[in-house]
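Here's a quick briefing to read with the viewer open. Have a look at the ligand site, the sheets and one helix pair as you go.

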Amino acid sequence: MVAVVRPRTGTTSADRNSSKAPGPFHTDCCNDLPAITPAESVIAGKGLQQSVSVPPDTEVTISQRSSKVHPVATYLFVLVAATFGSDAHDRRTAGDFGPPAKQPGGKPPDDGVGHDMSLPPVYGGEVLHVDLETGDSHTEAIDEADARRFLGGNGFAAKLVHEHVPAESGPFDAENVVVFAVGPMNLTPFQSTSRGVVGFVSPMTDGFFDSTFGGSFPRAQKSLGFEAVVLHGRAPDLSYVRLSEDGAEVVPAPDLEGRGTYDACETVREAEGQGFDTHVIAAGPAGENRVRYACLLHQSHDREGVAGRGGSGAVLGSKNVKAVAIREGDFEPELADESGLRNLAVGRMGELMEGTEMLQEYGTSGLVNPINEMGKLGRRNNASELVAEADAEAIGGERLKADYVTEDTTCANCAVKCGKHVSVEARGITQAKIPEFESLFATASMTEVYDADRVVEANDLCDRLGMDTISWGVTVAFAREAHERGLLDADDDAGLLEFGDAEGLVELAELVAHREGIGDRLAEGSARLAAAIESDEDDPSKYVHGVKGLELAAHSPRGLKGMSIGYATSTRGGSHHDTRPTRQYAGEHDETTEGTPEFAARSQHFTALGDSLTQCRFVSEGGWGAEINDRYRDAINAATGWDLTTEEVETVGERVYNVERLINVERGVASRETDTLPYRVMHEPIPEGPNAGMYCPPAELESMLTEYYEFRGWDEDGAPTPETLERLDIGEL
Ligand code: SF4
């Protein structure tokens, strides 16, 4: 680490901030701005003030919606077309990959204060380190070789966590860090790179975790020129961190204690006095109380961004930090080939809009009914994967759109606008975030609550209290089954633990966030709760729907073979953003184990690359292809001026995934023993519906694990070998 004076590797614009209202990160929500087409907004790149029109000679086809074809059918069809119709390369053997990315010839030229002058000016050039205890901060220059190796976002977060968190430190120890990282594409015309990454050691898995979120915060961070901000140590008192181009200030804020996420965001914005031009992300009471799956919520002018999974809110809370606020800066990335990147983005617009039609209409809630029809929607703590049609319809996207949705919302620089606000008059709820598909699975079908009013209310409460709806809902589902089986003595709260109890669901959100009554035990997550239950008659862990301490998301590990091996090997545990289910729903590797370990591994490369670019997954899969292909290569090369091959681009994803695995191996949480699946998934076939009989027995998983380790170049226990680390140019880690 080198303490340096801040550089300006890109360009600045003196008048960029002069048009502060409504700010350069807003999209087409602002009435005082000229109306723009979706195509214009998605390639605006630097914000509306600098939006560009589609060149007249470029054909952009945006499909008309058809009332005859179900949007999900179109969605899945287009994804398959995007994948197979692309110029994707087949993965060659590991040894065939391109040469190491590291620059030959020793140290590159610098600018006299430690900055690598060969770093493409699309990068802001620095990492900002903040000592929460003293309030001091300093910057560290990023060198080009590391940018080539790790790209940004997820890659930078993994590298920084590996560098700064000792393997023996616990998630709530001061030595843990919280990394906010963005990628080379933020603030460029590359579509929907409005997302950022939070990296940390998770209190759920005790391993590396990166959680992504949208809104306007990541683009504001990029405007500071800090590709990553690393929070170290622990503040003496409850505080928020103010980030500006000058660095960081730790601002004591005792008044924020106990406040909900939205309230905290608003209070900090008021204190900063710049309205929505200050971009805030905050923890809720759950974070302060170290609920292990506490999340962070960012409220932008246009929509909420939630870093939902893994417990980022709990780690921030353990550092006595309630919120992080950004005052916009002047940094603007400089592209190696701006028109090239812009043309690439324009060229994907038609397919993107067609491929995301369902998301535009319903958000992800549109997946409830079609996935239930496939027989892959977990119900009653996953005892079944089929919900009665009327129940599914009561909570599905079509119903929510008809009776609850009040407006579309969007992250910055996105034409898809998958976000929605919902209101429930009877419960006094207005403009709440719509429950995502994953949340509807976890909080509704898993707990057997199909009262949409209460489901929306419970989800809104989780957002306000700052809790991951997936882990919370699946933990409630576990507790309900454990109680039903006589394993969980809930004393006065027993009435809340009946499957189907809608009132109890809502009440449990408050109890968990404040660690009151049974809520204190549920705040530990289902795996720890099961381990703490003493029983001579039954093993409570048999009913946990999780991997490596993290509750599984909605995509069936019994009904989708790719998810079986994908979840088992996920560096984040039960995450559906390691191996993706999307292509499996379209018929790839859903029912066969043949070639599935390689499919799952390469999907993990795709997600690691995407999160390093910080492009929204829905936009990637809908518009650019659901696997690494030449399009991503061309976009990265246009932005940076590099000449990476597609194989080298995939190696970035593979490298990042290996760093994550290495962290987890060093921490003792990743091995053949922990690469496993829930008991029910391995021993109880799906009892009913189109997938009746499907499961992943232990022998099948073992066989896939062996094939997966061989493909990856890991040893028999699942650790990356020294040769593999050398091949990936991370031998020094
Ligand atoms: S598709 Fe949805 S989540 Fe993705 S960037 Fe657009 S609004 Fe945000």
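What follows runs from the ligand to the two sheets and then to a pair of helices.

Keep in mind that this is a predicted model. The ligand has 13 residues around it, and it lies between domain 1 and domain 2. Beyond that, there's an open sheet of 6 strands, an open sheet of 3 strands, and a crossing of helix 23 with helix 28.

**Around the ligand**

- Which residues come nearest to the ligand? Out of the 13 around it, they're Cys411, Cys414, Val416, Cys418 and Cys616.
- The shell splits into 7 nonpolar residues, 5 polar ones and 1 charged one.
- Why does the ligand lie between two domains? Domain 1 (126-332) and domain 2 (374-547) both contribute residues to the shell, so the ligand ends up between them.

**The sheet of 6 strands**

- Reading across this open sheet, the strand order is 3-2-7-4-5-6, and the pairing is mixed.
- Strand 3 (137-141) and strand 6 (208-213) sit at the edges; each has a single partner strand, so one side of each has no neighbour in the sheet.
- Going from one strand to the next, the twist averages 20 degrees.
- Strand 2 (residues 126-131) and strand 3 run antiparallel and are joined by 5 bridges.
- If you want a spot to zoom in on, try His129, whose bridge partner in strand 3 is His138.

**The sheet of 3 strands**

- This one is also listed as an open sheet, with the order 15-16-17 and antiparallel pairing.
- Its edge strands are strand 15 (405-409) and strand 17 (429-433), and each of them pairs on one side only.
- Ignoring direction, neighbouring strands here are turned by 25 degrees against each other on average.
- Strand 16 (residues 419-424) runs antiparallel to strand 17, with 3 bridges joining them.
- Val424 has Ile429 of strand 17 as its bridge partner.

**A helix pair**

- Two packed helices are described by the angle between their axes and the distance between those axes.
- For helix 23 (residues 596-613) and helix 28 (residues 698-712), the axes come within 8 Å and cross at roughly 55 degrees.
- Helix 23 and helix 28 are therefore oblique to each other.
- As for handedness, the crossing of helix 23 and helix 28 is right-handed.

Terms used
Residues numbered from 1 in each chain as written. Predicted model: local features only at pLDDT ≥ 70, side-chain atom pairs only at ≥ 80, totals over all residues. Near = placed C-beta within 6 Å. Nonpolar A, V, L, I, M, F, W, Y, C, P; charged D, E, K, R; others polar. Domains from an automatic or database assignment. Pairing = 2+ DSSP bridges. Helix = DSSP H or I, 4+ residues; strand = E, 2+ residues; numbered from the N terminus. Axes fitted to C-alpha atoms, helices over the stretch in contact; angles between N-to-C directions. Parallel < 35°, antiparallel > 145°, perpendicular 65-115°, else oblique. Left-handed = near helix turned anticlockwise from the far one by under 90°.
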